[in-house]
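Please go through the side-chain contacts and strand pairing of the structure shown here, giving the reasoning behind each answer.

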Amino acid sequence: MFKKTGGWNVKGAGNSKATKHTNTQAEAYARTISINQKSELIVHGKKGQIRERNFYGNDPYPPKG
């Protein structure tokens, strides 16, 4: 999910086009999509930096221990 001029886009991994475009970040929140697709959710802040990252499937780098 990333901010675009005039709103927020939800974009699936490997997709070149947005799956969903909304006016607010709250509407764009893609946790449900990530859980259903067993994928990773990456939320970017206003300046494009990663603000949050969650895995909802097979974690390629699970914690040891």
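Q: Which side chain meets that of Arg 53 in a salt bridge?
A: In this predicted model, a nitrogen of the Arg 53 side chain and an oxygen of its partner are 2.3 Å apart, and the rule for a salt bridge allows up to 4 Å between such atoms. The count by this rule comes to one salt bridge, and the side chain that meets Arg 53 in a salt bridge is that of Glu 40.

Q: How many residues apart in sequence are the parts that Arg 53 and Glu 40 tie together?
A: Arg 53 belongs to strand β5 whereas Glu 40 belongs to strand β4, so the pair ties together parts whose separation in sequence is 13 residues.

Q: Is Arg 53 buried or exposed, or does it fall in between?
A: Buried requires under 20% relative accessible area and exposed requires over 50%. Arg 53 has a relative accessibility of 46%, and therefore counts as partly exposed. Its salt-bridge partner Glu 40, at 30%, also counts as partly exposed.

Q: Which residue stands opposite Arg 53?
A: Strands β4 (residues 40–44) and β5 (residues 50–55) run antiparallel and are joined by five bridges. Opposite Arg 53 of β5 stands Ile 42.

Q: Which residue in the hairpin of β4 and β5 takes a positive phi near 90°?
A: The hairpin has five residues between its strands, and the residue with a positive phi near 90° is Gly 48.

Q: With which side chain does the side chain of Asn 9 make a polar contact?
A: Asn 9 is placed in strand β2 (residues 7–10), and because its relative accessibility is 7%, Asn 9 counts as buried. Its side chain makes a polar contact at 2.5 Å with the side chain of His 21.

Methods:
Residues are numbered from 1 along each chain as its sequence is written. This is a predicted model: local features need pLDDT of at least 70, side-chain atom pairs count only at pLDDT 80 or more; totals for chains, interfaces and linings use all residues. Side-chain values use heavy atoms; hydrogens and water are left out. Helices (H or I, at least four residues) and strands (E, at least two) are DSSP runs, numbered from the N terminus. Buried means under 20% relative accessible area, exposed over 50%, partly exposed in between (1.4 Å probe, protein chains only). A polar contact is a pair of N or O atoms within 3.5 Å; within protein, one must be able to donate a hydrogen and the other to accept it, and residues adjacent in sequence count only if both atoms are side-chain atoms. Two strands pair if DSSP finds at least two bridges between them.
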